[in-house]
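Student: Could you take me through one part of this structure closely, beginning with a hairpin and then following its contacts outward to the parts around it? I would like a connected account rather than a list.

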Amino acid sequence: RVTTTGGTSATSAADQFSYIGAPTITAISPSSGPASGGTSVTITGTGFTGATAVKFGATSATGITVVSATSITATAPAGSGTVDVTVTTPGGTSATSASDQFSYVAAPAITAISPSSGPASGGTSVTITGTGFTGATAVTFGATAAASFTVNSATSITATAPAGTGTVDVRVTTTGGTSATSASDQFSYIAPPTTPAHHPSPPSATAPPTATT
């Protein structure tokens, strides 16, 4: 309302002003992804209508879609460590809390495998050493999945080699991505020895008896 010497303006729909509460984030899913970015994250909360920005730490997200007043999808940018996800609307920017934290996971790396060779029929138990193995979802020998694998720790995995041929790269996949290939991850399949064909020797010739007089 406006007041002058002539009085105070009457109220009407034309003079109404709405206060908008700041948005809040109650959950994000998934809460982790590769350091290279690209993870599609669903943000749940309140007051998202008219959102103008979503940030992961200090970096703006891409592909922002306001699904509803309580849901936003956004693509995580590249980053490192654990950061707070924030949403900005005309009502302000969401306060940070444990509910909005997103962790960047570095891609795993393989530094050695032992043994580095085994029979082409598979079945070799291989110890894979490296970093970032926590939560591994796959181990492959070339293009073939390991017959089985066990994550012993963040730095060690035991896997059973599948059948194969030649020399292949062993790779580990986690939430952080798939390990890059190098000479340290190569496994060689050893073909079974070949047995030479057996050719029986011809019967030896026997000299005819010598006639005597």
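Tutor: In this predicted model, strands S16 and S17 form a hairpin with two residues between them, and Gly142, which sits in that turn, has a positive phi of about 65 degrees. The two strands, S16 with residues 138–141 and S17 with residues 144–145, pair in the antiparallel sense over two bridges, and within this pairing Thr140 stands opposite Ala145 of S17. S16 also pairs with strand S20, residues 167–174, again in the antiparallel sense and here over four bridges, with Thr173 of S20 as the bridge partner of Ala138. As a general point, strands of a sheet pair through backbone hydrogen bonds, whether parallel or antiparallel.

The side chains of S16 divide between two faces, a covered one with Val139 and Phe141 and an uncovered one with Ala138 and Thr140. Phe141, on the covered face, is buried, and so is Phe187. A search of the whole structure finds five aromatic pairs, and one of them joins Phe141 to Phe187 in an edge-to-face arrangement, with 5.5 Å from centre to centre and 85 degrees between the planes. Because Phe141 lies in strand S16 and Phe187 in strand S22 (residues 186–190), this pair ties together parts that are 46 residues apart in sequence.

Phe187 leads on to Thr124, a residue in the loop between strand S14 (117–119) and strand S15 (125–131). Apart from residues up to four places away in sequence, Thr124 touches Phe187 together with Pro115, Ser117, Gly118, Pro119, Ala159, Thr160 and Ala161. Thr124 counts as buried because its relative accessibility is 14%, and the cut-off for that class is under 20%.

Returning to S20, Thr173, which was the bridge partner of Ala138, also makes a side-chain contact with Thr178: the polar contact between the two side chains is at 2.8 Å. Thr178 belongs to strand S21, residues 177–178, and with a relative accessible area of 36% it is partly exposed. Once its neighbours within four places in sequence are left aside, Thr178 is in contact with Ala107, Pro108, Arg171, Val172 and Thr173. Thr178 and Ser18, by contrast, are 50 Å apart in space, C-alpha to C-alpha, and 160 residues apart in sequence.

Two further parts of the model can be set beside this region. One is another aromatic pair, Phe102 and Tyr104, which is edge-to-face with 5.1 Å from centre to centre and 80 degrees between the planes; both of these residues are buried, and ring pairs link them with Phe56 into a cluster. The other is an open sheet of four strands in the order S3-S5-S9-S8, in which the pairing is antiparallel. Strand S3 (24–29) and strand S8 (62–68) stand at its edges, and because each has a single partner strand, one side of each is left without a neighbour in the sheet. Neighbouring strands of this sheet are turned by 20 degrees against each other on average, direction ignored. Five bridges join S3 to strand S5, residues 40–46, and one of the residues of S3 in that pairing, Ser29, has Thr42 as its bridge partner.

Note on methods: Residues are numbered from 1 along each chain as its sequence is written. This is a predicted model: local features need pLDDT of at least 70, side-chain atom pairs count only at pLDDT 80 or more; totals for chains, interfaces and linings use all residues. Side-chain values use heavy atoms; hydrogens and water are left out. Two strands pair if DSSP finds at least two bridges between them. Axes are lines fitted to C-alpha atoms, for helices over the stretch in contact, and angles run from 0 to 180 degrees between N-to-C directions. Buried means under 20% relative accessible area, exposed over 50%, partly exposed in between (1.4 Å probe, protein chains only). Contact means heavy atoms within 4.5 Å. A polar contact is a pair of N or O atoms within 3.5 Å; within protein, one must be able to donate a hydrogen and the other to accept it, and residues adjacent in sequence count only if both atoms are side-chain atoms. Rings of Phe, Tyr and Trp (its six-membered ring) pair if their centres lie within 6.5 Å; planes under 30 degrees apart count as stacked, over 60 as edge-to-face and the rest as tilted.
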